[in-house]
Amino acid sequence: MRNRARGGRVVLGTVGVAMTFAVAGCGAPPWAQGGNAASASPSPTQVSTPAPQPVSNDLSSGSTQKTVTAGAVSATVNYWSTLSMDKWTPTALKPVSLSMVTTVTPDDGQKVYLQRATMTAVPGNETQSFAPLAAQTDQSNAPGYLVLSPYSYSQTFNVGEVPADATFVTLQFTYEYLVQATPTSDEYAKQTASDTLTVAIAGGGSAG
């Protein structure tokens, strides 16, 4: 009877060990497997679209003032447009007006004349520049327009039709001055100044 009792205990002990191994062999419990499966799922890829860059506009407030220099000549130039910015569309005739007055240093009484003013409009967008429009020039008879303060010069140029996918136009100005060598001289020194404005095109870029 003792031997059988020991045998029973041995058998029960063996079964217990076998059950322990069976549970251990089942792997992680279901709730743990579910957590691993969730963490292993690939996250969706988000594709971001870059925001378009804002277009610079020197006439966004309606007007702007610039100062340009050419040798001894310093010119203060005011630019504006009588056409509101929301109407600066690709097909519209877009006027650009300017007024100018100059000073000369040193001021010994000599006069300053504007011999020629030229505007060239170059349309473009964020990725390319288009062919420039025909240059517009205002040229005076010799020696030119007197522009030494308090005398001033005013003019209006026009920007014509630009490509439909243009989002701005760059206005390149060139000013050519004649400065008297002395207050009583018939000899002049030529000086040239340049300036640039960028104006946004309303509704431009529709073809892109």
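Select Gln 110 to begin; this residue sits in the loop that runs between β3 and β4 (112-124). The model on screen is a predicted one.

Is Gln 110 buried or exposed? Its relative accessibility is 8%, so Gln 110 counts as buried. Keep Gln 110 selected and show its side chain. Two polar contacts go to the backbone of the loop residues before it: the side chain reaches the backbone nitrogen of Asp 108 at 2.8 Å, and one of its polar atoms lies 3.3 Å from the backbone oxygen of Pro 106.

Now show what surrounds Gln 110. Apart from neighbours within four places in sequence, Gln 110 is in contact with Val 104, Leu 148, Val 179, Gln 180, Thr 182 and Pro 183. Select Ser 185 as well: 75 residues separate Ser 185 from Gln 110 in sequence, while their C-alpha atoms are 8.4 Å apart in space.

Next, go to strand β3, residues 94-104, which pairs with β7 in the antiparallel sense over 7 bridges. To find one of the paired positions, select Met 100; its bridge partner in β7 is Tyr 153.

Widen the selection to the sheet. Its 4 strands run in the order β1-β2-β3-β7, with antiparallel pairing, and the sheet is open. The edges are β1 (63-70) and β7 (153-159); each has a single partner strand, so one side of each has no neighbour in the sheet. From one strand to the next, the twist averages 25 degrees.

The last stops are the salt bridges, of which there are 3. Start with Asp 195 and Lys 66, where the closest N and O atoms are 3.0 Å apart. Asp 195 belongs to strand β9 (residues 188-200) and Lys 66 to strand β1, so this salt bridge ties together parts 129 residues apart in sequence. Asp 195 is buried, at 9% relative accessible area, whereas Lys 66 is partly exposed, at 23%.

Then select Glu 176 and Arg 116, which form a salt bridge with the closest N and O atoms 2.5 Å apart. Glu 176 is in strand β8 (residues 168-180) and Arg 116 in strand β4, so the pair ties together parts 60 residues apart in sequence. The relative accessible area of Glu 176 is 11%, and the residue is buried.

Add Lys 190 to the selection. Its side chain meets that of Glu 176 in a salt bridge of 3.1 Å, N to O. Lys 190 is in strand β9 and Glu 176 in strand β8, 14 residues apart. Through shared partners, the salt bridges join Arg 116, Glu 176 and Lys 190 into one network.

Methods. Residues numbered from 1 in each chain as written. Predicted model: local features only at pLDDT ≥ 70, side-chain atom pairs only at ≥ 80, totals over all residues. Heavy atoms only, no water. Pairing = 2+ DSSP bridges. Helix = DSSP H or I, 4+ residues; strand = E, 2+ residues; numbered from the N terminus. Axes fitted to C-alpha atoms, helices over the stretch in contact; angles between N-to-C directions. Buried < 20%, exposed > 50% of the residue type's maximum accessible area, 1.4 Å probe, protein only. Contact = heavy atoms within 4.5 Å. Polar contact = N/O pair within 3.5 Å; in protein donor to acceptor, adjacent residues only side chain to side chain. Salt bridge = Lys/Arg side-chain N within 4 Å of Asp/Glu carboxyl O.
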